[in-house]
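This report covers selected side-chain interactions and burial in one protein model. The sequence and structure come first.

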Amino acid sequence: MAEKVRDYPKLAGDIVALVGGPENIVSATHCATRLRFILKALPEGAKEKISAQPGVVGVRESGGQLQVVIGTHVKQVYDALMDQFPIDSTGEVEAPKESIINRLIKTMSGVFAPFIYILAAAGILQGSLILIGLIWPAFTETGTYEVLSFMSWTPFTFLPIFIGITAAHHFKVNVYTAVLCTAALVNPSLSEIAARVSEGEHVNFLGIALSPTTYTSTVLPPLIMVWLLSYLERFLNRILPEVVRPLFTPFFCLLLMVPVTLLILGPISNNGAIAVAEGYNWLVDIAPPVAAAVVGGLWQVLVIFGFHWGITPVILANFAENGSDSFQAFQTAAVLGQVGAAFGVFLRTRNRELKTVAASASVTGIFGITEPAIYGVTLRLKRPFIIGLIAGAVGAIIMSFFGTRHYVYAGLPGPLTLINAHHPGTNSLLGIILGAGLAFFGAAIAVYLIGFKDMLNDAPSEASEEDLAAFEEAVSSSDVASRIASPLTGVIVPLNSVDDPVFASGSMGDGVAIEPTSGEVHAPFDGTVVAVLPSQHAIGLRSDDGIDLLIHVGLDTVSLQGKPFTVAVGQGDRVQAGDLLLSFDRDAILAAGLVTTTPVIITNSKKFGSIVPVPQKSLRHGDELMVVLEPAPASVNH
């Protein structure tokens, strides 16, 4: 372990000098144990030279960052660094080498992810109304149906406003200004003007003819509007006097951006999405099985890389222009392929933990959410993922033979939205039932029969008698300094197997890791909260008997900027064993391509003797996790 350093300003200055000086640093942040730099360029030999500095545990490159591992004193070093150098500390600056494609993916994901479940909920309501109408046709003539119907269409009618809210957060625009401008696009008066123009009436704005474009359910016009609005708002805030800025910034934003969108952005972007949709529809018309195989077989690959958000404008354009869409129908086969593969893993695996994860992912898949199935099960085991892709392609091809389409937007296509393919006089519903059934059951049966490497089978689910005996002997032969309960429910993972060399090497201290099966972290002892990271992914505790404990949820989860985490305590708070410290969304972490493996580290372990983990593999929070022994008495030479 690196030697202890108290001259934090010197260490900070040495690190900055070795990374090329402050002018080479794009941004600097810190997490529970590391300084994290985004650099313009990494000087040759910098990693080795920084690693040799007293007080530095190690250096690692990951995710476009240079991570300098300091340990429990990272905050002091970071503060000293910020005191000395004019370096951006927002952590919001993108790495300079990030591609345009990556930025587009982040934008589409950041804009659509927050409200996709709203669209999905409305899609389920629409599907339910279709189902009720089939069983009880007279219901469609009632006022109840009429009210529920307009309720189900509400998020699509006002989709530009939802985009305005999330895009404002993404592009750092005043949310109210963004809502003001995007709401203007769905003003009923504008729809009336568009209707008059479409009937042949000429309506001009400043001498320029308006197009018949309507903006309800549109995606690209409000998205591009808010993106440009971010530049305009910053410009206005820079040139306007502060005393008039709160009034005139939104005034000029409204006055400029809405006409620009109506005259230029809207017609161009909307027609572009329609053109792409027509290109896809052309492929569907001339070679339906080919289009189906591409969507059914490759959709989940797009999900992994985040490209799936980019197709939303195309799907919505299809519904707006044609009243139906085949893409979402084929997506259903892709979804059911992965869910079926996860269910096949559930049936075949003999490992209790993997069976639990696979069951949970299969249930989540009912709602059209496949990230838990992909990241938690199929992609992790590789072969089931490939089987799921093949089953999705075959299921979609079957659908194409029946001319299957969705006639109601599904939000998240899956088993609950099969009814969205119903349309009188067509075989669309029959096709989606057969194709989805083949994708699900075909994948499940193939995974069960072909099998996979049960990667967790080598770990016994219960402790053997020999392990228990060894544990009792180790504990009874020394004085116990402390007993630490498990802060999470999950499976114990040896620390040296964690996919992070800093934790795995024990440089930060001894301990264990836990693969959580629930999203809550509880206090493992009575003590005090000594640190809560701004990104909320890690908490430092000090027990009443002097144990300094770091609980670090997931690996590299600082990059999520606190989004999946909710902290229930603050620095300096007194906690009792079992108190809730924080909760986290496991699925969101997995969906981001990260792991939830949680190191539980005694950072001052050198003050004590051995750290002895319990031999059990599966624990609930509150069960005994590890025993800290007193150091052996020093031998005396006579």
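## An aromatic pair between two strands

At 8% relative accessibility, Phe584 falls in the buried class. The model is a predicted one. Phe565 is buried as well, its relative accessible area being 4%. The search of the whole structure for aromatic pairs returns 11. In one of them, Phe565 and Phe584 are tilted with respect to each other, with 6.5 Å between the centres and 45 degrees between the planes. Phe565 belongs to strand β14 (residues 565-567) and Phe584 to strand β16 (residues 580-584), so this pair ties together parts that are 19 residues apart in sequence.

The two numbers quoted for the pair follow the usual description: a pair of aromatic rings is characterised by the distance of the centres and the angle of the planes. The label "tilted" applies because the angle of 45 degrees is neither under 30 degrees, the limit for stacked, nor over 60, the limit for edge-to-face.

## A ring cluster and Lys355

Phe343, Phe346, Phe440 and Phe441 are joined into a cluster by ring pairs. Phe346 also takes part in a contact with a charge: the charged end of Lys355 sits over its ring, 4.8 Å from the centre. A polar atom of the Lys355 side chain is 2.6 Å from the backbone oxygen of Phe346. Lys355 therefore meets Phe346 both through the ring and through the backbone.

Lys355 is located in helix α15 (residues 352-365). The residue counts as partly exposed, with 26% relative accessibility. When residues up to four places away in sequence are not counted, Lys355 touches Phe346, Leu347 and Thr349. Its C-alpha is 9.4 Å from that of Ala342, and the two residues are 13 apart in sequence.

A second charge-over-ring arrangement involves Arg234 and Tyr231: the charged end of Arg234 sits over the Tyr231 ring, 5.1 Å from its centre.

## Salt bridges

The structure has 10 salt bridges. One of them joins the side chains of Arg34 and Asp500, with an N to O distance of 2.7 Å. Arg34 lies in strand β2, whereas Asp500 lies in the loop between β8 (490-493) and α20 (501-504), so the bridge ties together parts that are 466 residues apart in sequence. Both Arg34 and Asp500 are buried. These two residues are also members of a salt-bridge network that links Arg34, Arg36, Arg60, Asp500 and Asp556.

Two further bridges have partly exposed members. Glu201 is bridged to Arg196, and their closest N and O atoms are 3.0 Å apart. Glu201 is partly exposed at 36% relative accessibility, and Arg196 is partly exposed at 35%. In the bridge between Arg542 and Asp548, the N to O distance is 2.6 Å. Arg542 counts as partly exposed at 42%, while Asp548 is buried at 16%.

## The annotated Cys31

In the unreviewed UniProt entry, the annotation "active site" covers Cys31. Cys31 is placed in the loop between β1 and β2. The residue is buried, with a relative accessible area of 1%.

Not counting residues up to four places away in sequence, Cys31 touches Arg36, Val74, Leu533, His537 and Val558. Arg36 is also part of the salt-bridge network that contains Arg34 and Asp500.

## Helix α1 and its cover

Helix α1 (residues 8-18) has buried residues at Tyr8, Leu11, Ala12, Gly13, Ile15 and Val16. Among the elements that cover them are strands β1 (25-30), β2 (34-39) and β4 (65-69), together with helices α2 (46-51) and α3 (74-84). Gly20 follows α1 and has a positive phi, near 105 degrees.

## Ser400 in helix α17

Ser400 is part of helix α17 (residues 383-401). With a relative accessible area of 10%, Ser400 is buried. Its side chain reaches the backbone oxygen of Ile397 at 2.5 Å. Apart from neighbours within four places in sequence, Ser400 is in contact with Pro288, Pro289, Ala292 and Phe330.

Key. Residues are numbered from 1 along each chain as its sequence is written. This is a predicted model: local features need pLDDT of at least 70, side-chain atom pairs count only at pLDDT 80 or more; totals for chains, interfaces and linings use all residues. Side-chain values use heavy atoms; hydrogens and water are left out. Rings of Phe, Tyr and Trp (its six-membered ring) pair if their centres lie within 6.5 Å; planes under 30 degrees apart count as stacked, over 60 as edge-to-face and the rest as tilted. Helices (H or I, at least four residues) and strands (E, at least two) are DSSP runs, numbered from the N terminus. Buried means under 20% relative accessible area, exposed over 50%, partly exposed in between (1.4 Å probe, protein chains only). A charge sits over a ring if NZ of Lys or CZ of Arg is within 6 Å of the ring centre and within 35 degrees of the ring normal. Contact means heavy atoms within 4.5 Å. A polar contact is a pair of N or O atoms within 3.5 Å; within protein, one must be able to donate a hydrogen and the other to accept it, and residues adjacent in sequence count only if both atoms are side-chain atoms. A salt bridge is a side-chain nitrogen of Lys or Arg within 4 Å of a carboxyl oxygen of Asp or Glu. UniProt positions are given in the numbering used here, feature names are shortened, and annotations may be inferred rather than shown by experiment.
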